[in-house]
Amino acid sequence: MRENSTPRILLATVFTTAFGPAFTTAFTTAFTTVFAPVFAPVFAPGFAPGFTTVFASVLGTLGLMGCESEAAKVPEGSRALIVAAASSLGPVMEEAVALWSESTGRKAEVVIGASSTLARQIQNGAPFDLFVTAHASWMDVLVAEGLVEEGEPAALAGNGLVVIESARDGGQGRAGTRPWGAEVFAAGRWALGDPAHVPAGVYARQAVESVGAWSTLEPRVIPTASVRAALRLVQLREVDFGIVYRTDALGSGDVTIVVTVPAQAHAAATVIAARLKAAQGGAEELLDWIAGPEVRALLGQRGFVIEER
């Protein structure tokens, strides 16, 4: 069911009018990447579970309004192409898009956020040209609503899940000496993407349920607005363990992988990309680049699983 976004949009309009789109976007980024992970442990266990997720969603809309306000000032076809990328794919997509811009001379930028937030922004008319996610369900929603070009999306790579702890714990965590099973989740506080809407969280819950441990673990889980926020909580040692994508763990020097989640324990985490119906000229060329051999090689270097074509 599509949520009623009217209150968030009204708040976004007021905020953007008062402070301007540039400040709004900067504030949104700062909150979702820095402040949300810090405050999640304060609110999630107490009187306001999910506060951080809801607030981040509101701020995501604020950033979107700022983006839309800026786009409205620029004639169609002359603004930079915008790639909406899930948080776990943000760094590699930024690198890929930068390489494309350098080789073509065409401006392009990446907007990073939770797949669910980005999908809802697309539903609400965000001026995005491409959508890149690791959750087929959100892409299916956009396809069903006619917001994605026919014949797409394109599968780019695969990813997996791992259990992590802070590297400052010396890599000798309580889960590290045990094989995969329910006992991995017997103790400690855990962070993972909100299983209600964050793809990595959905997969994490499936994995935990596969060993019958979800009812035991759930009361000790801090759900976050994105998988990167879960990673941040582990880095800050606000929790004992986290479940994140393998690529996020490999890209961080502050965490240690203590258990690799078996691929068969959850649905396939396939990275997919699509051009949106409202995309401007040049988006098809950018999608071809992202789905091409150069970016596939880049994904492989970052730990993604690349299938031979």
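What volume does the largest cavity have? About 70 Å³. The model is predicted, and the points below cover its sheets, the helices on them, and its empty space.

1. **The largest cavity.** With a volume of about 70 Å³, this cavity is lined by 13 residues. A86, S87, S115, V198 and P199 lie nearest its centre. By class, the lining has eight nonpolar and five polar residues. Charged residues are absent from it. The count for the model comes to two cavities of 30 Å³ or more.

2. **The sheet with β1.** Five strands make up an open sheet. Their order is β2-β1-β3-β10-β4. The pairing is mixed. β2 (108-113) and β4 are the edge strands, and each has a single partner, so one side of each lacks a neighbour in the sheet. On average, neighbouring strands here are turned by 20° against each other, direction ignored.

3. **The β1 and β3 pairing.** Inside this sheet, β1 (residues 81-86) runs parallel to β3 (residues 130-133). Three bridges join the two strands. For a residue to find on screen, take A84, which stands opposite F131 in β3.

4. **Helices on the sheet.** Helix α4 (residues 90-104) packs on the sheet and touches β1, β2 and β3. Its direction makes about 175° with that of β2. Helix α5 (residues 115-123) packs on the sheet too, touching β1, β2 and β3. The direction of α5 makes about 160° with that of β3.

5. **The α4 and α12 crossing.** Which way do α4 and α12 cross, left-handed or right-handed? The crossing is right-handed. The axes of α4 and helix α12 (residues 293-301) come within 10 Å. They cross at roughly 145°. From α4, the contact uses V92, M93, E95 and A96. From α12, it uses V295, L298 and L299. By class, six of these residues are nonpolar and one is charged, with no polar residue.

6. **The sheet with β6.** Another open sheet of five strands has the order β7-β6-β8-β5-β9. Its pairing is mixed. Why do β7 and β9 (255-260) each have one side without a neighbour in the sheet? They stand at the edges, and each has a single partner strand, so one side is left free of a neighbour. Neighbouring strands of this sheet are turned by 35° against each other on average, direction ignored.

7. **Helices on this second sheet.** Helix α7 (residues 199-210) packs on the sheet and touches β5, β6 and β8. Its direction makes about 115° with that of β8. Helix α9 (residues 227-235) lies across β5, β6, β7, β8 and β9. α9 runs at about 145° to β8.

8. **A191 in β6.** Follow A191 to see how β6 is placed. β6 (residues 190-193) and β7 (residues 221-224) run parallel, joined by four bridges. A191 stands opposite I222 in β7. β6 also pairs in the parallel sense with β8 (residues 241-245), over two bridges. In β8, the bridge partner of A191 is G242.

9. **The second largest pocket.** About 300 Å³ of space lies in this pocket. It is lined by 23 residues, and A157, G158, N159, V305 and E307 are the closest to its centre. Which strand gives the largest share of the lining? That is β4, with five residues. β4 (154-159), β5 (161-166) and β10 (269-275) each supply at least two lining residues. By class, the lining has 13 nonpolar, six polar and four charged residues.

10. **Where the points meet.** β4 is an edge strand of the sheet with β1, and β4 also gives five residues to the lining of the second largest pocket. β5 belongs to the sheet ordered β7-β6-β8-β5-β9, and β5 supplies at least two residues to that pocket lining. β10 stands between β3 and β4 in the order of its sheet, and β10 likewise supplies at least two.

Notes
Residues numbered from 1 in each chain as written. Predicted model: local features only at pLDDT ≥ 70, side-chain atom pairs only at ≥ 80, totals over all residues. Heavy atoms only, no water. 1 Å grid on protein atoms, 1.4 Å probe; cavity = no way out; pocket = protein on both sides within 12 Å on 5 of 7 lines; lining within 4 Å. Points joined across faces, edges and corners; volume = space filled by probe spheres on them. Nonpolar A, V, L, I, M, F, W, Y, C, P; charged D, E, K, R; others polar. Pairing = 2+ DSSP bridges. Axes fitted to C-alpha atoms, helices over the stretch in contact; angles between N-to-C directions. Contact = heavy atoms within 4.5 Å. Left-handed = near helix turned anticlockwise from the far one by under 90°.
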